[in-house]
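Reader: Hi! I'm in my first year and would love a close look at just one part of this structure. Could you walk me through how its helices pack against each other?

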Amino acid sequence: MTSVPRIQLNDGHSIPQLGFGVFKVDPVETVRIVSDALEVGYRHIDTARIYGNEAGVGTALAESGIARDELFITTKLWNTDHGTQSAFDAFDASLDRLGLDYVDLYLIHWPSPKGGRYVEAWKALEQIRESGRARSIGVSNFLVPHLERLLAETDVVPAVDQIELHPAHQQPATAAFAEEHGIAIEAWGPLGQGKYPLFDVPEIADAAEAHRKTPAQVVIRWHLQRGHVVFPKSNRRERMAENFDVFDFELSDAEVASITALEREGRVGSHPDDVD
Ligand code: NAD
C-alpha cells in the first residue's frame, strides 16, 4: 500500500497530503466512486454539505470496513449557516449524514463577506472543536483581509485555508500570509478543474515526457513538492489511480520553478468576495 506523506497542522494533528475530492460527484454515484477511490488507496476524502453527497461518502466509508483512524474526512459549513445555532445544527446534520462520530476537519466553505457573519461562524467552529467532534477546524476561500479579521477577533488560528490553487492561479499573497501564520494551504481545483488548458503547456508537457508520467501527474507532483495538500477529483477509476501514482518520481528544482512561473491569475472559480 502506498504511504501518503502527511502535513503537520498547527493544532498537533496531521493530514494526508493527497486525498480525493467529491465536488460535482453525483449523489447517486457517490458510493461507487468513493468506494473505488478507497480501493485505489485514498484515505482522505474532501466533501461538503453543499455537494449533496455526504450520505454517499458515509455509506462508502462504512462499507469499506477501513478503520476510522486510518481515514481523514473533511466537510464544510455552507454560507447560509453562519449563525451560531445554524452552524451547530448544520454540523450535527453533516455528521449524521456521514454516519461518523467526528470529522477530522471542518471548514467554513466561503467567507461570504456580504453576509458579514464569518467571525460568528468561526466562534461556533471553535466550540465544535472543543467538543472533540471536529479534530481540526479551518477555512476555505479566505483571502488575506478575511484571515486578518479572524486572527484579530478570535482565539484559534485556522489549521488550513482551502483555496483555488493551480499553476495558473497560485494566490501568492494568501499563500504567503498562511505560511507566516502556520496555516496549511489546501489547493482546490488543483488541475484547474479541466477548464484551464494546463496539460498542453510546454513546461508541464515536457516534464511529463522527461519522467514518463502524464501532465496530470506532473501537476499533482508540483503541488506536493510545493507543500500543498491536494485532492484531485475524477469519476473514473483509472484516473483516480493515475492521480494517486505520484510517489515514484520527483521534479527537479528547475522543473518546479518553471511550473511556478506559469502564474497568470487564471482563476477558474468564483472570487470569494462575490460568493454570498
Ligand atoms: P480538479 O482540478 O481536481 O479537476 C477535476 C477535473 O479534472 C475532473 O472532473 C476531470 O475532468 C479532470 N481530471 C481529473 N484527473 C485527470 C487526469 N488524470 N487527467 C486528465 N484530466 C483529469 O477540480 P475540483 O474537483 O474542482 O477540485 C478538487 C476538489 O477540491 C473538489 O472535488 C472538492 O473536494 C474541492 N473543491 C473545493 C472548493 C471550495 O470552494 N472549497 C471548490 C472546488 C473544489
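Author: Here is a walk through three helix pairs, with a salt bridge at the end. Before we start, this is a predicted model, where local features need pLDDT of at least 70, side-chain atom pairs count only at pLDDT 80 or more, and totals for chains, interfaces and linings use all residues. Residues are numbered from 1 along each chain as its sequence is written, and side-chain values use heavy atoms, with hydrogens and water left out.

Two packed helices are described by the angle between their axes and the distance between the axes. The axes are lines fitted to C-alpha atoms, for helices over the stretch in contact, and angles run from 0 to 180 degrees between N-to-C directions. The helices themselves are DSSP runs (H or I, at least four residues), numbered from the N terminus.

Let's begin with α3 (residues 84-98) and α4 (residues 118-131): their axes sit 8 Å apart, at an angle of about 45°. That makes α3 oblique to α4; under 35 degrees would count as roughly parallel, over 145 as roughly antiparallel, 65 to 115 as roughly perpendicular, and the rest is oblique. Their crossing is right-handed, meaning the near helix is turned clockwise from the far one by less than a right angle. So who touches whom, with contact meaning heavy atoms within 4.5 Å? Thr84, Ala87, Phe88 and Phe91 of α3 meet Glu120, Ala124, Gln127 and Ile128 of α4. Sorted by class, that's five nonpolar, two polar and one charged residues (Ala, Val, Leu, Ile, Met, Phe, Trp, Tyr, Cys and Pro count as nonpolar, Asp, Glu, Lys and Arg as charged, and the others, Gly among them, as polar).

Now stay on α4 and look at α5 (residues 144-153), which packs against α4 at about 55° with the axes 10 Å apart. These two are therefore oblique to each other, and their crossing is right-handed. Here Tyr118, Val119, Trp122 and Lys123 of α4 meet Pro145, His146, Arg149, Leu150 and Glu153 of α5. The contact divides into five nonpolar, one polar and three charged residues.

Next come α7 (residues 202-211) and α8 (residues 215-226), packed at about 100° with axes 8 Å apart. That makes α7 roughly perpendicular to α8. Ile204, Ala207 and Ala208 of α7 touch Pro215, Val218 and Val219 of α8, giving six nonpolar, no polar and no charged residues.

Last, the salt bridge: the side chains of glutamate 39 and arginine 237 meet at 3.0 Å, N to O (the rule is a Lys or Arg side-chain nitrogen within 4 Å of an Asp or Glu carboxyl oxygen). This pair links distant parts of the chain, 198 residues apart, with glutamate 39 in α1 and arginine 237 in α9.

Technical notes:
Contact = heavy atoms within 4.5 Å.
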